[in-house]
Amino acid sequence: MNAISSGLERFAGRKLGVATIHAKEQVIGPLLKQALGLSGYSAIADMDTDRFGAFSGEVQRTLDPLAACEAKARHGAEVSGLDLVVASEGSFGPYPPAPFISCDEEFLLLFDALDGRIFHHRHVSLETVFDGEACTDWTQANAFAQRMKFPSHHLVVRPLEKWKQGDALFKGLQDKDAFRNAVEGLLEQRGSCWVETDLRAMANPTRMRVIADTAERFAREISTLCPTCGDVWFRITDAITGLPCDLCGWPTHSVREYRRTCRTCGHYADSVRPDGKATEEPTHCNNCNP
Ligand SMILES: [Zn+2]
Ligand SMILES: [Zn+2]
């Protein structure tokens, strides 16, 4: 194997495979192509990424999101013969610091088969269209659909929240008649049905925007070069708290600086917040506002 070039030359002129079947290459591909100087990108055909876990419950996820991303990327490299492959994985749930709010946690992982190197990025967004509801009549199902921005955001209908083998499953519903038929069919059979948002990227434009945002951040992180050795991915590894209170100067729990670390040479450096915020409001200060 040839020696891998350092810095961004590693990626120059190479073609990227996007291991996805849900049209995510349209938002991930252009951003990485531009930031890394790639020659192009394409979705990898014949990928069955749903076998690594599906939102609508037919396949349970068994791997953590980064491991799932890596499995997808390696599988994508195998089936396509491409040596540079990106994979994506997302999950929805309560936002840990404020569990009454939903969040979308997205991961991107880039696998370089030339030397086995892996780059990854995690981004959490509070912007979601995500929910599910047990419905006992059409009016309720229709009201839920309107709240979930149907039909721009597609829906899933099945008998119960937990899907089991043999149950009916309607995914990607984007047509009002088809949605109504699915709901009324189940209501007639069983008296109730479960309706939820379809969270696959092409079925949920809000999630697609979050993936685009994640790709933009990932591209920026990979193309940030270490000032000491010049290698790529001089990335944010820590958020250091202690932003001083605007009134008393006491260190608050808000982020003061971000630490970037180089995986290649171990160099690290702390830098101020990109938003330029240098002090915190006294309402967030434990000294002023205990
Ligand atoms: Zn370095
Ligand atoms: Zn204070």
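Begin by selecting strand 3 (residues 84-95) together with strand 4 (residues 98-112), which pair in the antiparallel sense over 12 bridges; two strands pair here if DSSP finds at least two bridges between them, and helices (H or I, at least four residues) and strands (E, at least two) are DSSP runs numbered from the N terminus. This is a predicted model, in which local features need pLDDT of at least 70 and side-chain atom pairs count only at pLDDT 80 or more, whereas totals for chains, interfaces and linings use all residues. Residues are numbered from 1 along each chain as its sequence is written, while chains are lettered from A and ligands numbered from 1 in the order in which they are written.

Within this pair, pick V86, which stands opposite L110 in strand 4.

Next, widen the selection to the open sheet, in which five strands run in the order 2-1-3-4-5 with mixed pairing. Its edges are strand 2 (40-43) and strand 5 (117-125), each of which pairs on one side only. On average, neighbouring strands of this sheet are turned by 20 degrees against each other, direction ignored.

Now add the helices that pack on the sheet. Helix 2 (residues 65-80) touches strand 1 (15-19), strand 3, strand 4 and strand 5, and its direction makes about 155 degrees with that of strand 3. Helix 5 (residues 205-222) touches strand 3, strand 4 and strand 5, with a direction at about 135 degrees to that of strand 5. Contact between two residues requires that their C-beta atoms, placed from the backbone, lie within 7 Å; axes are lines fitted to C-alpha atoms, for helices over the stretch in contact, and angles run from 0 to 180 degrees between N-to-C directions.

Keep helix 5 and bring in helix 1 (residues 25-36): the two axes come within 9 Å and cross at roughly 15 degrees. Helix 1 is therefore roughly parallel to helix 5, a label that applies to angles under 35 degrees. To see the contact itself, select V27, I28, L31, L32, A35 and L36 in helix 1, which meet M208, I211, A212, A215, E216, A219, R220 and I222 in helix 5. By class, this contact of helix 1 with helix 5 has 12 nonpolar, no polar and two charged residues, where Ala, Val, Leu, Ile, Met, Phe, Trp, Tyr, Cys and Pro count as nonpolar, Asp, Glu, Lys and Arg as charged, and the others, Gly among them, as polar.

Finally, colour the chain by domain: domain 1 (7-128 + 203-223), domain 2 (132-198) and domain 3 (236-284), with bounds from an automatic or database domain assignment. The C-alpha centres of domain 1 and domain 2 lie 29 Å apart.

Methods:
Angles under 35 degrees count as roughly parallel, over 145 as roughly antiparallel, 65 to 115 as roughly perpendicular and the rest as oblique.
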